[in-house]
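User: Here is a model to go through. Please tie each label to its cut-off.

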Amino acid sequence: MRIYLDRLNEWAGEEPETHLVSPGDVEPPVFTFTYREQFGDNTISGFTYGLSLVSHPDWKFGSPELFIAMESDKIDWVLAAGYVATAWRGEKPYSAGDMFDLGAPISPEESEMSAVLLFLVTSLDREVSHIELPNGTINLVQLYPLYESELALVQEIGATEFLSAEDVNFYDPRRPPRTE
């Protein structure tokens, strides 16, 4: 974990807020690392650690960890990434295009978004999103929060098409839902 965290701290220029997000009896544990204002005032970004410590048959060229960035100061977004990393690890591949419905708003004070879409990292340079460790490679996958109503649209048009909308700020928790 130290090499991974050192790389994140080098990127951020500071130590993160660290949270254990998995239940105490879950092994290996899942942590989140939260950084504030890396993308401007009142922004939050976070990374998981612990997802990559389990195995999945689809992981041939490294193991995933999750990354999220939002125009918000609410830690709910980062904790949601930790929940996603914990809840389905060992069964889901956490590949680009995977969607996870959390069943309730992620940050109820700000938004009704209750799901996330995993896709390629667009907010970080390759040296941060692809980290070589002595025991393997971590490939970051970015979470893009969605409204429940957008899940069917993503399935219909695909993640690439959905995220390529030029008039949508996917980092804004108050953005309106896409309808087409």
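**Surface, fold and cores**

Analyst: About 8,800 Å² of the chain is exposed, and carbon and sulfur atoms supply 48% of it. Areas come from the Shrake-Rupley method with a 1.4 Å probe; for residues, only the protein chains shown count as cover. This is a predicted model: local features need pLDDT of at least 70, side-chain atom pairs count only at pLDDT 80 or more, and totals for chains, interfaces and linings use all residues. Residues are numbered from 1 along each chain as its sequence is written, and side-chain values use heavy atoms, leaving out hydrogens and water.

User: What radius of gyration does the chain have, and why does it agree with a compact globule?

Analyst: The rule is 2.2 Å times the number of residues to the power 0.38, over C-alpha atoms. For 180 residues that gives near 16 Å; the chain has 15 Å, so it agrees.

User: How many residues count as buried, as a percentage?

Analyst: Of the 180 residues, 50% do. Buried means under 20% relative accessible area (1.4 Å probe, protein chains only).

User: What makes a set of residues a nonpolar core?

Analyst: Its members are buried Ala, Val, Leu, Ile, Met, Phe, Trp, Tyr and Cys residues, joined through side-chain atoms within 4.5 Å. The largest has 25 residues; Leu66, Tyr94 and Leu118 have the most contacts inside it. Helix H2 (76–87) is one of the elements supplying at least two residues. H2 gives the most, six. Helices are DSSP runs of H or I, at least four residues, numbered from the N terminus. Another core, of 17 residues, lies apart and includes Phe67 and Ile131.
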